[in-house]
Structure formats: C-alpha cells, structure tokens
Amino acid sequence: MQASAAESTEIGAAPLQSSDVAGLQAVLARLGELTKELELAVPPRLVAVSKTKPVEQLKVVYDAGQRDFGENYAQELMEKAGLMPSDVRWRFIGPLQSNKARSLVASVPGLACVETVNSTKLAGKLDAACKAVGRDAPLDIMLQVNTSGEASKSGLAPGDDVVALAQHVSSACPRLRIVGVMTIGAPGDNSAFNVLVQCRKQVAVALGLDADQLELSMGMSGDFEAAVRHGSTSVRVGSTIFGARDYGTKA
Ligand SMILES: *Cc1c(COP(=O)(O)O)cnc(C)c1O
C-alpha cells in the first residue's frame with residue numbers, strides 16, 4: 001500500500017510539470033505560426049504570467065527557456081525574484097500602489113518593465129525610486145489604458161489622459177522610458193484592441209515617435225491570438241501555461 005501511494009505521488013507530480021512546459025510550447029508554437037502568417041519582423045513577446053504560482057512551477061518553464069515573467073503583486077514579485085535566476089526579465093502587470101514603488105525597484109534588479117503606470121503620482125514615485133537606488137539604465141514603463149471603461153479595471157481613459165501622462169513622464173521623469181501602452185480589456189470584446197492601437201498613435205505623436213517604436217501589451221490566455229492579429233507585440237499568458245489559478249491558497 002505504501003509503495004503504491006509513493007508511486008502515485010510521483011506520477012501525480014510529473015504531469016503537472018510537463019503540462020506547464022506543454023502549455024508554454026503550445027503558446028510559443030501558435031505565436032510562431034502567427035508570426036509567419038502575418039509576416040511579422042519579430043515574434044510577439046510571450047510574458048508568462050505566474051501570479052499565485054509557486055516558484056517550482058516558474059523554474060520548470062524557465063528551464064524550458066522562458067525568460068519573461070509577469071507578476072501582479074509587489075510582495076510576491078519581490079519574493080520570487082530572490083528565488084529565481086538573475087536573468088529573468090520581470091514585468092510588473094498589476095495595480096501598483098505608489099508606496100510600493102521604492103521597494104519594488106530596490107529589490108528587483110531584473111525589473112524589465114512596469115506595464116501598469118496610470119498616474120503622475122506613480123510615475124513620480126518610480127522615477128524617484130530609480131534615482132534613490134542608483135539604477136543605471138532607465139526603467140521601462142508602459143501606460144495602462146482602461147479600454148473597456150469598466151469601473152473595475154484600472155488605467156487611464158483613452159485619449160487626452162493618456163497623452164497627458166505621456167507628456168508628463170517625458171518631461172518630468174528622466175529615469176523612466178515609455179516603451180508602450182497596455183490594456184486588459186473586457187473578455188471577448190476585441191474593440192479594446194482597436195482602442196489601444198489608437199492610443200499608441202496618440203502617444204507616439206505626443207512623444208515625436210513612430211507608432212511602431214512603441215509596444216502594444218494586449219492579449220491573455222483567452223484572446224492572445226486575436227490580440228496579435230490586432231498588432232500586439234507582447235502577450236501576457238497565465239492559465240494556458242500554468243493552469244487555473246487558486247486564489248484561495250495565495251499567502
Ligand atoms: C492574470 C493576468 C493575465 C493572465 O491571464 P490568463 O487569462 O490567465 O492568461 C494577463 N494580464 C494581466 C494584467 C493579468 O492580471
């Protein structure tokens with residue numbers, strides 16, 4: 001009896017890990033096909049969204065070659081960053097309280113991008129944090145746009161608010177570099193993608209850039225293919241790689 005219990009634990013553990021890799025490879029394969037079909041110069045970036053998932057699962061997909069990871073909670077990201085290899089490129093994709101900006105920048109040297117900048121206050125705190133910790137390279141940020149108008153979603157209203165924040169960051173936050181715009185959007189409503197494309201145009205004009213010098217972070221497990229067809233350069237995929245999330249177990 002004991003032997004078979006041990007056996008079934010082992011058997012139970014193996015598919016969990018290989019299914020993460022299978023999920024990763026399936027998404028990468030699909031992105032590869034879309035890259036060909038749409039004749040893209042570069043494949044969209046795949047950000048593996050690992051919120052609530054244990055570091056063991058992140059390591060499995062890291063070992064399969066994945067380097068871009070997205071996290072939503074500052075505390076969780078800081079803990080995981082200390083446990084994962086230093087060449088992970090961390091992307092913060094959750095609501096960030098201004099008072100967490102300093103510790104996030106200080107304790108995650110591999111912080112590649114904060115995708116959810118949505119106020120002058122947060123931009124200011126991030127800029128000050130970069131100065132305080134003596135970060136060499138500018139910190140890449142994206143402006144988060146609430147494309148669906150839902151009160152439950154954070155982000156700037158499309159249009160003037162986004163442009164105003166872009167102008168503020170470029171004139172008052174020398175340690176931040178705007179690399180794109182990001183949205184979550186309402187599931188099943190592809191109009192969010194068109195709204196974000198429009199926002200990117202406006203931000204590009206405001207910054208004196210071509211639109212294609214700015215990224216579009218849009219698309220998740222349920223709609224990343226549609227997002228890429230609308231021009232997404234960075235998709236954020238969680239559950240298709242790591243399985244469904246259980247918020248009940250989150251510490
Ligand atoms: C959780 C999350 C994702 C990933 O969602 P899935 O549907 O699991 O792929 C992407 N973007 C943001 C901002 C998220 O919070």
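Select Cys113 to begin: at 1% relative accessibility it counts as buried, where buried means under 20% relative accessible area, exposed over 50% and partly exposed in between, with a 1.4 Å probe and protein chains only. The model on screen is predicted, so local features need pLDDT of at least 70 and side-chain atom pairs count only at pLDDT 80 or more, while totals for chains, interfaces and linings use all residues. Residues are numbered from 1 along each chain as its sequence is written, and side-chain values use heavy atoms, with hydrogens and water left out.

**The cysteines**

A search of the whole structure finds zero disulfides, a disulfide being a pair of cysteine sulfur atoms within 2.5 Å. From Cys113, the nearest cysteine sulfur is that of Cys130, 12 Å away. Move next to Cys199, which is in no disulfide either, with the sulfur of Cys113 the nearest at 16 Å; Cys199 also counts as buried, at 1% relative accessibility.

**Helix α4**

Now select residues 98-107, helix α4, whose buried residues are Ser98, Ala101, Leu104 and Val105; helices (H or I, at least four residues) and strands (E, at least two) are DSSP runs, numbered from the N terminus. Looking down the axis of α4, you will find these buried residues within an arc of 90°, so they line one face of the helix, the arc being that of the directions from the helix axis to the C-beta atoms. Add the elements that cover them, which include α3 (74-83), β3 (89-92), β4 (111-117), α5 (120-133) and β5 (139-144), with contact meaning heavy atoms within 4.5 Å.

**The ligand**

Centre the view on the ligand, which 13 residues surround, the closest being Lys51, Asn72, Ser221, Gly238 and Ser239; a residue is counted here if one of its heavy atoms lies within 4 Å of the molecule. An N or O atom in the side chain of Lys51 is 2.6 Å from an oxygen atom of the ligand, and polar side-chain atoms of Ser221 and Arg245 lie 2.5 Å and 2.8 Å, respectively, from a ligand oxygen atom. Taken alone the ligand exposes 380 Å², of which the protein buries 90%, with areas from the Shrake-Rupley method and a 1.4 Å probe.

**Two positive phi angles**

Finish in the loops, recalling that most residues other than glycine have a negative phi. Glu39, in the loop between α1 (2-37) and β1 (45-49), has a positive phi near 55° and is exposed, with a relative accessible area of 72%. Thr52, in the loop between β1 and α2 (55-63), has a positive phi of about 70°, yet counts as buried at 14% relative accessibility.

Conventions:
Polar contact = N/O pair within 3.5 Å; in protein donor to acceptor, adjacent residues only side chain to side chain.
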